[in-house]
Amino acid sequence: MKRKVTKAIFPVAGLGTRFLPATKSIPKEILTLVDRPLIQYAIDEARAAGIKEFIFVTSRGKSALEDYFDDAPELETALRKKDKKDLLEELKKTNMDSGAIAYVRQNKPLGLGHAVWCARRLVHDEPFAVILTDDVIAAEKPCLQQMMEAYEETGGNIVAAMEVPTEKTSSYGVLDISEVNGPLVKVKGMVEKPQPDVAPSNLAVIGRYILTPEIMKNLNKKETGAGGEIQLTDAIAQEIANGNPVYGYRFKGQRFDCGSKAGFLQATVAFGLQRSDLKDEFGDYLGDIMNMRTAAE
């Protein structure tokens, strides 16, 4: 019988150096797309998928991230006095029940696999999800929810996957597939950041995972891989070698790489244009810019 997935790990210990100087004092996960921080998009997606326990793997300088989920009674009182009900409802979405969140420290940046391993005592022997906040996915049905529905049918380990340009395979974990069944693919191998000429496919792993507790046992070996880091991809690939099923799930939705400046800006434009209160004014502004650019050329 498959155990229900109710825990999710959020590796948020990174320094966010690509966004300096902003991230000198602000955790990258608090940077906002329109008016919601990256971490809120991840939390909302996890909640929609049925996650009840949220495990954050943090590092020094992340206190603002922890404070974000606390109640703000003075702010709530001020909004209530001004009868700003819409803002109150938005604020309530940021609150978390006592005991729903746990924080563990990653003292050294030893890779994604190491960050996940740091949460091993909170996961125990249960299956768990991993969500990378850099990957923001706009979808009618949240990506992790899509994967949960597939997990109910297959069990095993499932990674979110999407096709990427062949020349960019060296930036991703890449799948070697043996079977295709609709959005699901059976995985026979995984390679971390392969060069384009040796990549087994252009189907890349994106930052959503549903994993069995055996993954923690593999990570416990602390074997290093690409870049001298402990890679989550390697731990998942070990399950294939052990004869346990691993699947890739080609989700429906648009993924934005908000770990890069260009991707963050693209996401800001896309989410801004989706907002009924912004799309007209913002769309007109973008149109004016394009017209000015065309005229200049």
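Here are some numbered notes on packing, backbone and contacts in this predicted model.

1. **The bigger core.** In soluble globular proteins, nonpolar side chains tend to be buried together. Here the largest nonpolar core counts 38 residues. If you want its hubs, pull up Phe10, Ile39, Ile51, Phe54, Phe56 and Leu144, which have the most contacts inside it. Quite a few elements feed this core: β1 (7–11), α1 (38–48), β4 (53–58), β6 (128–131), α7 (143–154), β8 (157–163), β11 (203–211) and β12 (246–250) each bring at least two residues. Helix α7 is the top contributor, with six.

2. **Another core.** Apart from that one lies another core, this time of 32 residues. Among its members are Ile55, Leu175, Ile230 and Ile240.

3. **Phe56 up close.** What does Phe56 touch, once residues up to four places away in sequence are set aside? The list runs to Phe10, Val12, Ile39, Ile43, Phe69, Ile101, Ala102, Tyr103 and Val104. Two of these partners, Phe10 and Ile39, also appear among the residues with the most contacts inside the largest core.

4. **Val57 next door.** Val57 sits in strand β4. Buried or exposed? Its relative accessibility is 0%, so Val57 counts as buried. With neighbours within four places in sequence left out, Val57 contacts Ile9, Phe10, Pro11, Val12 and Ala13, and also Val104, Gln106, Ala115, Cys118 and Ala119. As for Phe10, its C-alpha is 6.1 Å from that of Val57, although 47 residues separate the two along the chain.

5. **Helices α3 and α4.** Two packed helices are described by the angle between their axes and the distance between the axes. For α3 (residues 73–81) against α4 (residues 85–92), those come out at about 155 degrees and 8 Å. Angles over 145 degrees count as roughly antiparallel, so that is the label for α3 relative to α4. The crossing is left-handed. On the α3 side the contact uses Leu75, Glu76, Leu79 and Arg80, and α4 answers with Leu87, Leu88 and Leu91. Sorted by class, this contact has five nonpolar residues, two charged ones and no polar ones.

6. **Helices α10 and α11.** Near the other end of the numbering, α10 (residues 261–274) packs on α11 (residues 279–296) at about 135 degrees, with 7 Å between the axes. That angle makes α10 oblique to α11. This crossing is left-handed too. Thr268, Val269, Gly272 and Leu273 of α10 meet Lys279, Phe282, Gly283 and Leu286 of α11. The class tally is four nonpolar, three polar and one charged.

7. **Backbone oddities to look at.** Most residues other than glycine have a negative phi, and most peptide bonds are trans. Which residues does the cis peptide bond join? Leu20 and Pro21, with omega at about 10 degrees. Pro21 belongs to the loop between β1 and β2 (32–33), and at 68% relative accessible area Pro21 is exposed. The C-alpha atoms of Pro21 and Val246 are 40 Å apart, with their positions 225 residues apart along the chain.

8. **Positive phi values.** Asp83 has phi near 60 degrees, which is positive in a residue other than glycine. This aspartate is in the loop between α3 and α4, the helix pair of point 5. Asp83 counts as exposed, at 52% relative accessibility. Lys193 has a positive phi as well, about 50 degrees, and is not a glycine either. Lys193 lies in the loop between β10 (184–192) and β11. The relative accessible area of Lys193 is 41%, so Lys193 is partly exposed.

9. **Asp176 and its contacts.** Asp176 is part of strand β9 (residues 173–181). How accessible is Asp176, and what does that count as? At 24% relative accessibility, Asp176 counts as partly exposed; the cut-off for buried is under 20%. Leaving out residues up to four places away in sequence, Asp176 touches Lys186, Val187, Lys188, Gly189 and Pro200. Take Val187: its C-alpha is 5.9 Å from that of Asp176, and the two are 11 residues apart in sequence.

Key:
Residues numbered from 1 in each chain as written. Predicted model: local features only at pLDDT ≥ 70, side-chain atom pairs only at ≥ 80, totals over all residues. Heavy atoms only, no water. Axes fitted to C-alpha atoms, helices over the stretch in contact; angles between N-to-C directions. Helix = DSSP H or I, 4+ residues; strand = E, 2+ residues; numbered from the N terminus. Parallel < 35°, antiparallel > 145°, perpendicular 65-115°, else oblique. Left-handed = near helix turned anticlockwise from the far one by under 90°. Contact = heavy atoms within 4.5 Å. Nonpolar A, V, L, I, M, F, W, Y, C, P; charged D, E, K, R; others polar. Core = buried A, V, L, I, M, F, W, Y, C linked by side-chain atoms within 4.5 Å. Buried < 20%, exposed > 50% of the residue type's maximum accessible area, 1.4 Å probe, protein only.
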